[in-house]
Number of protein chains: 2
Amino acid sequence: MMGEFDLITRYFKRPASQKQPEGTVTIGRGDVGIGDDCAVWTPTPNTQLCISSDMLVEGRHFLSTVSPEALGHKALAVNLSDLAACGATPRAFTLALALPSVDEAWLEGFSRGLFALADLHNCTLIGGDTTQGPLNICITVLGEVPQGAAILRSGARAGDDIYVSGAAHASGQIERVGQARFALEVFRGNISISQNDFDFDFDFARRRMERPTPRVALGVALRGIASAAIDISDGLLGDLGHILKLSNVGATVQTNWIERTHPQAVEFALAGGDDYELLLTAPQDQRDAVQAAAQASNTRITCIGQVTAELGLQVLDATGQPLSQTFASFDHFKST
Amino acid sequence: MMGEFDLITRYFKRPASQKQPEGTVTIGRGDVGIGDDCAVWTPTPNTQLCISSDMLVEGRHFLSTVSPEALGHKALAVNLSDLAACGATPRAFTLALALPSVDEAWLEGFSRGLFALADLHNCTLIGGDTTQGPLNICITVLGEVPQGAAILRSGARAGDDIYVSGAAHASGQIERVGQARFALEVFRGNISISQNDFDFDFDFARRRMERPTPRVALGVALRGIASAAIDISDGLLGDLGHILKLSNVGATVQTNWIERTHPQAVEFALAGGDDYELLLTAPQDQRDAVQAAAQASNTRITCIGQVTAELGLQVLDATGQPLSQTFASFDHFKST
């Protein structure tokens, strides 16, 4: 059986040239990566660090049917999505991995998916840990923002517009909130593909669930423009609730942007979870700047509501009438 | 059942006054702790960050018999020990936690043990994640060293002395490498306490295993003095091997400092693992400085050998003859 040290060296220690993609200085002179007690890393002067940890557990955050490559992608993507919500530029990450056994095919696929996304964002693996145990993936990611430029949940103000991201895919299919939940319900057997009266394509939706796209470029482009942001992991309304609570404001949300081809379409869009789109607020006088940021980052963005001084969250149906339906946000300690 | 957000707030979100112990500015102006997508944190100018992640799994890193308070201590201690080995000053950490269920008594004890050690080192919990799953604790710790001052594994040079730490305990009992392994073997039923012909006290040894002391003050005091360092998690000789390999040198290690009251005493001291003492090298002209650093940090330190230009590791018995016994280092993917 391959030991811990061999495993680290073989799958996660990369030659120096690969650790330092052209044009970036993720690991600087005198810095140390994998192989010492700590990674030693030099932050860029006059920046603040943005730090996020996410732990992924089978059955909670991914299904046993997911490919190791997609899992490697998703484990990093959900962390990069947190950086995106703060407007931070990804710099480095650590990986801690508990594995039931050393499965080389699994490790090869996992590390391939992980590094493909890491390289796309010039985000360097600088350290971590491996151990034997029930499958568990914990990534801590480090990003940077200029001093004071982080986009927080607490900055929404009455009168601000509320936006959600989602981009046209290369194939012409449209990325929208709710698709990940749709794919999950197909896997759970609650929705039959053959009787699919959603307008979602299953293969496309499954890819959205298994390989979410962190909106890093959009987040960076929104620095100085967005007043607050969060990434949608628990469901649009639940995550909006975090912004409203920390900003001490309320909101009105329209739903006329949701394609109503199925009774659950509104529920999946507003409370589906696992979308990893950005939900953000911005002052009305920043409307042109928001659209320019979306265009510059090649990301679709839709205005879905307004922030109100009055506390509480009002959801309007397609005709503009208050919606009576209630939505539960995703909670990893409640069965869903 | 208590939900994820309640759980975070109740056990891990502390009032601002507790997050900022008197005399420290761990979270600076404009910085953000728990409750946003990322923690936002300002590094000290002209420092480098030292970063380490450790993942703890039941049966591998702790026994089911351990108290939640001791586990909270140990989960952070093993990470602080990595900082100590680099000579870094602890600053902040993230905690990701998978729990089979929300057990409030467990959480109360775990968070108490965790924060007691964190406060001792002015190390602030700035973020993390909680989820349901098989018990798994993943901590990522951030420390700081002045630019270029990190003690690395690669700095040992031929002629350097080799030292191991260990301090007189308040009760007069002596902390030594090998005690944690002794306690583990008692728990495993391989050693009977009643027939204990080690000179270890079981309660003391058990405390060493369950509540290791990270040698943070010693590590910081050794900046500019030690040429290389590592913390002993896998066993003294195995960990020394990492220094030798990365420094491209060999070593001779004496064993006349080990109390030989039991046939396994030498094995436990040299290959026991889980000690979290510091193993370090320093030039001979730094002998006074090493002892001064030990005294300043109130830590016992023993010279146990010398670095050699010739590769390989030679272990000498009490009479100075080469020892034929071989020792396996601890590997989390091999059964031990």
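Two strands count as paired if DSSP finds at least two bridges between them, and the strands themselves, like the helices, are DSSP runs numbered from the N terminus (E, at least two residues, for strands; H or I, at least four, for helices). With that in hand, let us look at this predicted model, in which local features need pLDDT of at least 70, side-chain atom pairs count only at pLDDT 80 or more, and totals for chains, interfaces and linings use all residues. Residues are numbered from 1 along each chain as its sequence is written, chains are lettered from A and ligands numbered from 1 in the order in which they are written, and side-chain values use heavy atoms, with hydrogens and water left out.

Chain A holds 10 helices and 11 strands. Of its 336 residues, 59% are buried, meaning under 20% relative accessible area with a 1.4 Å probe and protein chains only.

A good place to start is an open sheet of 5 strands, ordered β4(A)-β3(A)-β5(A)-β2(A)-β1(B) with mixed pairing. Its edges are β4 (124-132) of chain A and β1 (39-41) of chain B, each pairing on one side only. On average, and ignoring direction, neighbouring strands are turned by 15 degrees against each other. Within the sheet, β2 (residues 47-57) and β5 (residues 136-146) of chain A run antiparallel and are joined by 11 bridges; Ser52(A), for instance, has Val141(A) as its bridge partner in β5(A).

Two helices of chain A pack on this sheet. Helix α3 (residues 68-86) touches β2, β3 (89-99) and β5 of chain A, and its direction makes about 145 degrees with that of β2(A). Helix α4 (residues 104-120) touches β3, β4 and β5 of chain A, at about 165 degrees to the direction of β3(A). Such angles run from 0 to 180 degrees between N-to-C directions, with axes fitted as lines to C-alpha atoms, for helices over the stretch in contact.

Now to the interior. The largest nonpolar core (buried Ala, Val, Leu, Ile, Met, Phe, Trp, Tyr and Cys residues joined through side-chain atoms within 4.5 Å) has 59 residues, and Phe12(A) and Ile137(A) have the most contacts inside it. Helix α3(A) gives the most to this core, with 11 residues. Beyond its neighbours within four places in sequence, Phe12(A) is in contact (heavy atoms within 4.5 Å) with residues including Ile34(A), Leu95(A), Phe110(A) and Leu125(A).

Finally, helices α5 (residues 179-187) and α6 (residues 202-210) of chain A pack at about 105 degrees, their axes 7 Å apart.

Key. Buried < 20%, exposed > 50% of the residue type's maximum accessible area, 1.4 Å probe, protein only.
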